[in-house]
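Please walk through this structure with the text below. The account is meant for a reader who has not met the structure before.

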Protein chains: 2
Amino acid sequence: MEHCDIHTTLEHAGLSKTSRRVAVLTVLVHAQTPLRVKDILDRVCGEGQINKVTVYRILASFKAEGIIREIATDHGVNFYEMACRHNPTHPHFYCRICRSLSCLPEQVIRESRFEHLLTGNQTVDGITLNLTGVCGTCNLIKDGHRRSKQ
Amino acid sequence: MEHCDIHTTLEHAGLSKTSRRVAVLTVLVHAQTPLRVKDILDRVCGEGQINKVTVYRILASFKAEGIIREIATDHGVNFYEMACRHNPTHPHFYCRICRSLSCLPEQVIRESRFEHLLTGNQTVDGITLNLTGVCGTCNLIKDGHRRSKQ
DNA sequence: CGATAAATGCAACTGATTTGCAAATGCTTT
DNA sequence: AAAGCATTTGCAAATCAGTTGCATTTATCG
């Protein structure tokens, strides 16, 4: 998968290129699905540790600069994904059983399609379209249980 | 605003009419915006207390029966609103400053419009469209600060 | 009215995220 | 390259939403 250059991205955002920021951004840039903080910690660990507080702070700065998007879920765990031209805003599917989040293809979401809904002087800086339900794997498991109980 | 009958709704969902469930449902049915658990606790308090654990459990049962919808936000706080014919699925606006959630008008969201995106055998039971940004009030406050610093 | 299952309250717990502060690092200027 | 200073990071502890276990109360049915 094509992706943004780490250093260019940080420079462009006006963020200094510290080892931690480079590490977190590298993980995000190579991710195939949105990641939780826990996932990022696991994947960064190989190269010399990083504190979870640092990850939270780095993610906050990335989000503030518009480098990444944050996807909230029930269960209070947030996911993060790149918000660059290689990864335009798209819908997600959240499984309420295994609590995994996956990207849905195609259908790019444009803020402009919804801005006419705003009545006051709100400022929009993000849009999220989430389907919630049970993923294929968890449905298989459920079917298995149902069958074995008959 | 027109709204569903409390007792009919509970009966139809197969839930017994306990004082707590009636209280929580009454609050939800009269709410003008989606509510947090904290809001529900505040509004129910007038009539003789209710434990927060009970509220969580009642909301879980309402959600399982499709009586209410749950809206997740960054910051890990969930909001709840009626999911009846008087309140069809619609987009919301979340202010990341004051952390309030408001309903956006018109534009009803139909699951069917997005189901073709699913590739495997997922089951969808909810859909959320959220705009995130800064609400009118918080924008006014920000402008005020900016002006007073010049 | 009594029995029984379901609902509720309470205390304690979990897990994600945040805060305060001291130590380490990055960047600029000698 | 070293000094100076702001920024970043780590650690410990706190916060806060939401959950769990268990004892008590309530609803419903015979």
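The paragraphs below take up chain A, the sheet, the cysteines and the two DNA strands.

This is a predicted model, in which local features need pLDDT of at least 70 and side-chain atom pairs count only at pLDDT 80 or more, while totals for chains, interfaces and linings use all residues. Residues are numbered from 1 along each chain as its sequence is written, chains are lettered from A and ligands numbered from 1 in the order in which they are written, and side-chain values use heavy atoms, with hydrogens and water left out.

Chain A contains 5 helices and 5 strands. Helices (H or I, at least four residues) and strands (E, at least two) are DSSP runs, numbered from the N terminus. Read from the N terminus, the elements of chain A follow the order α-α-α-α-β-β-β-β-β-α. The C-alpha trace of chain A spans about 60 × 50 × 30 Å along its principal axes. Of its 150 residues, 47% are buried, where buried means under 20% relative accessible area, exposed over 50% and partly exposed in between, with a 1.4 Å probe and protein chains only.

The two chains share a sheet. It is an open sheet of 6 strands with mixed pairing, in the order β4(A)-β3(A)-β5(A)-β5(B)-β3(B)-β4(B). Two strands pair if DSSP finds at least two bridges between them. At the edges stand β4 (101-103) of chain A and β4 (101-103) of chain B, each of which pairs on one side only. From one strand to the next, the twist averages 30°; here axes are lines fitted to C-alpha atoms, for helices over the stretch in contact, and angles run from 0 to 180 degrees between N-to-C directions. Strands of a sheet pair through backbone hydrogen bonds, either parallel or antiparallel.

Strand β3 of chain A takes part in both kinds of pairing. With β5 (residues 123-134) of chain A, strand β3 (residues 92-95) of chain A pairs in the parallel sense over 4 bridges. In β5(A), A:His92 has A:Asn130 as its bridge partner, and A:Cys95 stands opposite A:Gly133. With β4(A), strand β3(A) runs antiparallel, and 3 bridges join the two. In β4(A), the bridge partner of A:His92 is A:Cys103. The hairpin of β3(A) and β4(A) has 5 residues between the strands, and in it A:Arg99 takes a positive phi near 60°. In a regular strand the side chains alternate between the two faces of the sheet. In β3(A) both faces are covered: A:His92 and A:Tyr94 are buried on one side, as are A:Phe93 and A:Cys95 on the other.

How many disulfides does the structure hold over all chains? There are 0, a disulfide being a pair of cysteine sulfur atoms within 2.5 Å. In chain A, the closest cysteine sulfur to that of A:Cys135 is in A:Cys138, at 3.7 Å, too far for a bond. A:Cys135 is buried, at 11% relative accessible area. In chain B, the sulfur of B:Cys4 is 3.5 Å from its closest cysteine sulfur, in B:Cys84, which is also too far for a bond. B:Cys4 is buried as well, with a relative accessibility of 12%.

Which residues are closest to DNA strand C? They are A:Tyr56, B:Thr18, B:Arg20, B:Arg21 and B:Thr54, among 21 residues that surround the strand. A residue is near a molecule or strand if one of its heavy atoms lies within 4 Å of it. Sugar or phosphate accounts for 65% of the atoms of DNA strand C within 4 Å of the protein, and bases for the rest. Polar contacts are pairs of N or O atoms within 3.5 Å; within protein, one must be able to donate a hydrogen and the other to accept it, and residues adjacent in sequence count only if both atoms are side-chain atoms. An N or O atom in the side chain of B:Arg21 is 2.4 Å from a phosphate oxygen of DNA strand C, and a polar backbone atom of B:Asn51 is 3.2 Å from a phosphate oxygen. The side chain of A:Lys52 has an N or O atom 3.4 Å from a base oxygen of the strand.

DNA strand D is surrounded by 18 residues, the closest being A:Thr18, A:Arg21, A:Thr54, A:Arg57 and B:Tyr56. A phosphate oxygen of DNA strand D lies 2.5 Å from an N or O atom in the side chain of A:Thr18, and another contact joins a phosphate oxygen to a backbone N or O atom of A:Asn51 at 3.1 Å. A base oxygen of DNA strand D is 3.4 Å from a polar side-chain atom of B:Lys52.
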